[in-house]
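Student: I have a model open and want to go through the ligand site and the backbone oddities. Can we start with the ligand?
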Amino acid sequence: MGTTRFGGEEAATMMAELRGTFSTGKTRSYEWRVAQLRSIVKMLDEREGEIVEALRSDLNKPEFESVVYEVAMLKSSCKGAIKELKQWMKPENVKTPILALPSSAEIVAEPLGVVLVISAWNYPILLSLDPVVGAIAAGNAVVLKPSEISRATSSLLAKYVEQYMDSSAVRIVEGAIPETSALLEQKWDKIFYTGNSKVARIVMTAAAKHLTPVALELGGKSPVIVDSDVNLKIAVRRIIAGKWGCNNGQACISPDYVITTKDFASNLIDTLKQELERFYGAEPLKSNDLSRIVNSNHFDRLMKLLNEDKVGGKVVYGGQFDKSQLKMAPTLLLDVPQDSLIMSEEIFGPLLPLVTVEQLHESFDIITRRPKPLAAYLFTNRKSLKDKFVRTVSAGGLLINDTAIHLAVQTLPFGGVEESGMGSYHGKFSFDAFSHKKAVLYRSFIGDAAVRYPPYTRTKMGL
Ligand code: NAD
């Protein structure tokens, strides 16, 4: 947390300074944008060790996950933007109708202005800076408000971002609700928020006051359907990688619950147990490869899900925890009631309920009667099932025969739908998220059609 108070006055002053910078036009130049993106890469290269340490301090995040899923992914995002930026910035020529001939038309991408990025604690480097990459690539000035919950990472960002980047156009504000509320009072040209859907409503309400567009990157209960015809070992490993291998389940696209048939459940559970033990050992609380729960509020929230009466006796694997160290083991639960808390709220932690059905096609009902999730996963070799999945299930993104990895595909938009969010980013979608697509039509004085001018006659109407 910052040591000096940040309130409405400071927010207004900062906004005035950033508007001043934006109005000079400096953030619009290709050279400025590329220089800023290169500075992010430089910062990541030179400060990787400190980033890993900050993430360890905030989440006990394993070095592998910090380096691969935060630093390397962000670097790849910057490098992709640097490589493609000239192309993205080029006006796009489009066809015009006979009615407007002779003419030509183009779509010109222009920056929105001064934008605000509010990010969450679970991937505090990636989720803070990846939207900033889009904002900078599109030529905006930007304020980043990292999550106060990942305190070490927030102060690391505060220390380095303005140092490496052009602080006349890129600012960091540390803080919690009061600071964010002060920022939200300002008139932004876009607000990009990552976090839960309750706060998203606060953000959207504040934005509505100024008619500010928002992107809301939220979460939800991401289901996994497992068919019996799969390569079970690979399927299970991929479920584990997307659940416990991503911040011990504290990831927005973590598998939230698994659906399989009654006949196949014991096979699936046995293989999950074997592979979990192979990866994290017989005493997973001692494993260095699992993040801890971020804080005691979230720990207590997860314990409440686990201890609900309706869930009693449903744990089939795991269930160990150590509150003093905020550690919680990978935990499998079988056939908890659909109306239990754990099947109602986003879990966002290491608990994984398995739901069994007579026939796999019943999964579609279970999924579609719930709010639309951020991701949905299917493991199968059956084409008919894949087709039905793609046709029937609405989610931010679908992934077949793996989990979570679609996040790394920069050619796919990443974002939610309905309760899981609005707007998307990654790759060119990040550039688009922070650009206004301006319609430009060019006409000349040749070929002026008299038909459009009064007096209007039936002949002119073609009658
Ligand atoms: P969080 O507690 O860090 O909150 C997110 C941001 O909102 C923080 O910067 C915080 O300061 C701010 N905030 C909190 N309360 C506020 C208030 N009353 N007014 C204004 N600002 C406020 O993170 P979280 O919400 O616990 O994050 C977890 C949620 O985010 C999960 O639902 C998860 O699925 C989702 N998530 C989504 C994505 C995605 O990319 N779609 C990524 C990560 C997390």
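Tutor: Yes; keep in mind that the model is predicted. Helix α6 gives the largest share of the shell around the ligand, 3 residues.

Student: Which elements give two or more residues to that shell?
Tutor: Of the 28 residues around the ligand, the ones that come nearest are Ser147, Gly195, Asn196, Gly219 and Cys252. The elements with two or more residues in the shell are α6 (177–185) and α7 (197–209).

Student: How do the shell residues divide into nonpolar, polar and charged?
Tutor: There are 13 nonpolar, 11 polar and 4 charged residues in the shell around the ligand.

Student: Now the backbone. Which residues does a cis peptide bond join, and what is omega?
Tutor: One cis bond joins Leu101 and Pro102, with omega about -10°. Another joins Pro454 and Pro455, with omega about 0°.

Student: Where do Pro102 and Pro455 sit?
Tutor: Pro102 is in the loop between β1 (92–94) and β2 (103–111). Pro455 is in the segment after β18 (435–443).

Student: What about positive phi outside glycine?
Tutor: Asn248 has phi near 55°, and Asp335 has phi of about 50°. Most residues other than glycine have a negative phi.

Student: Asn248, buried or exposed?
Tutor: Asn248 counts as buried because it has 31 C-beta neighbours inside 10 Å, and the cut-off is 20 or more. This residue lies in the loop between α8 (232–243) and β9 (255–261).

Student: And where is Asp335?
Tutor: Asp335 is in the loop between β13 (331–334) and β14 (351–357). With 13 C-beta neighbours inside 10 Å, Asp335 counts as partly exposed.

How values were computed
Residues numbered from 1 in each chain as written. Predicted model: local features only at pLDDT ≥ 70, side-chain atom pairs only at ≥ 80, totals over all residues. Near = placed C-beta within 6 Å. Helix = DSSP H or I, 4+ residues; strand = E, 2+ residues; numbered from the N terminus. Nonpolar A, V, L, I, M, F, W, Y, C, P; charged D, E, K, R; others polar. Buried ≥ 20, exposed ≤ 12 C-beta atoms within 10 Å, placed from the backbone.
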